[in-house]
Amino acid sequence: GHSNCVWKIELRVRYIPKSLSEFLERDKISINFFFNQVKDDFIQANIGGIDQDLAVQMCCLAIRHYYKDARSSNDRKHHLDYIEKEIGFSNFLPKSVIDTIKHKNLKKLVQSQYKKIYSLSDTDYILKYFELLATVFDYDHEKFVVTLGQWNIAIDLIIGYNVGISYLTHAQAKPTKVTDFENILSLRTSLLSSNLQQSSISNSTA
């Protein structure tokens, strides 16, 4: 239902280590997938009220990531024209931001900012993007809507390195922590058939 959505098979990075710099150092391929994942999540969330300068800076860092293998200044001159004509800024900026800036002004802002960040190293631009993103969007945990057994109460189950395993009873509440990852002794995976009846259960030690 969103203009940026396409049908695709998706490999999703779900749980990340506490240190993004360590993640980057140890597994560059996965963090590149993770970068694109959280960038797309942020754009599709279409959050309103984001600072214009912050959004443009993040846009340019995302474009820098798109062209991470292009290193010459001559390449840089063609990047934005290609983005504008062939891809669209909507793949790097939320619609809520695009709708508040005239296209001509947006292009000038992006051109000016992109020139400033183009020379950043791979490590610097990736960590900078996550640093800025954290001020406007929660990307460091996964949220699942679950129902508590016999009480039939719907809650949000939150799993992430900062919150461990926690839950929310309503949107305005603070997460209640159930446990940290290091306290988990085993995992149980339930496989459900198409009629939502439990078909089998497997156990594994964590």
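In which helix does H79 lie? The legends below, which describe a predicted model, take up this residue after an overview of the chain.

**Figure 1. Overview of the protein chain, with its 7 helices and 6 strands.** Read from the N terminus, the order of elements in this predicted model is α-α-α-α-α-α-α-β-β-β-β-β-β. The protein chain has 206 residues, of which 32% count as buried. Among contacts in the protein chain with a separation of 6 or more, 51% are made by residues 24 or more positions apart.

**Figure 2. Close-up of H79 in helix 4.** The residue of the opening question, H79, belongs to helix 4, which spans residues 73-87. The relative accessible area of H79 is 3%, and H79 is therefore counted as buried, the cut-off for that class being under 20%. When neighbours within four places in sequence are left aside, the residues in contact with H79 are Y67, A70, Y114 and Y118.

**Figure 3. The crossing of helix 3 and helix 7.** Helix 3 (residues 52-66) and helix 7 (residues 122-133) have axes that come within 10 Å of each other and cross at roughly 145°, and the crossing is left-handed. On the side of helix 3, the residues taking part in the contact are L54, Q57, M58, L61, A62, R64 and H65, and they meet D122, Y125, I126, K128, Y129, L132 and L133 of helix 7. Sorted by kind, the residues of this contact comprise 9 nonpolar, 2 polar and 3 charged.

**Figure 4. Aromatic rings around F35 and F130.** The count of aromatic pairs in the model comes to 12. In one of these, the ring centres of F35 and F130 lie 5.9 Å apart and the ring planes stand at 70°, so the pair is classed as edge-to-face, a class that calls for planes over 60 degrees apart. Because F35 lies in helix 2 (residues 28-45) and F130 in helix 7, this pair ties together parts of the chain that are 95 residues apart in sequence. F35 and F130 are both buried. Ring pairs also link F35 and F130 into a cluster with F23, F34, Y125, Y129 and Y139. Of these cluster members, Y125 and Y129 appear in the preceding legend as well, where they are among the helix 7 residues that meet helix 3.

**Figure 5. The open sheet of 4 strands.** The strands of this sheet follow the order 1-2-3-4, and their pairing is antiparallel. Strand 1 (141-148) and strand 4 stand at the edges with a single partner strand each, so that one side of each is left without a neighbour in the sheet. On average, and with direction ignored, neighbouring strands of the sheet are turned by 30° against each other. Strands of a sheet pair through backbone hydrogen bonds, in either a parallel or an antiparallel sense. Strand 1 and strand 2 are joined in the antiparallel sense over 8 bridges, and within this pairing L148 has I153 of strand 2 as its bridge partner.

**Figure 6. Strand 3 and its two partner strands.** Strand 3, residues 164-168, is mostly covered, with 4 of its 5 residues buried. Strand 2 (residues 153-160) runs antiparallel to strand 3 and is joined to it by 5 bridges, and the two strands form a hairpin with 3 residues between them. Within this hairpin, D156 stands opposite L168, while I159 has I165 as its bridge partner in strand 3. Strand 3 also pairs with strand 4 (residues 176-179), again in the antiparallel sense, over 3 bridges. In that pairing, I165 has T179 of strand 4 as its bridge partner.

**Figure 7. Close-up of Y167 in strand 3.** Y167 is a residue of strand 3, and T176 in strand 4 stands opposite Y167. Because its relative accessibility is 28%, Y167 counts as partly exposed. Although Y167 and L157 are 10 residues apart in sequence, the distance between their C-alpha atoms is 4.5 Å. With residues up to four places away in sequence not counted, Y167 touches I155, D156 and L157, and also K174, P175, T176 and V178.

Methods. Residues numbered from 1 in each chain as written. Predicted model: local features only at pLDDT ≥ 70, side-chain atom pairs only at ≥ 80, totals over all residues. Heavy atoms only, no water. Buried < 20%, exposed > 50% of the residue type's maximum accessible area, 1.4 Å probe, protein only. Pairing = 2+ DSSP bridges. Contact = heavy atoms within 4.5 Å. Axes fitted to C-alpha atoms, helices over the stretch in contact; angles between N-to-C directions. Left-handed = near helix turned anticlockwise from the far one by under 90°. Nonpolar A, V, L, I, M, F, W, Y, C, P; charged D, E, K, R; others polar. Phe/Tyr/Trp six-rings, centres within 6.5 Å; stacked < 30°, edge-to-face > 60°.
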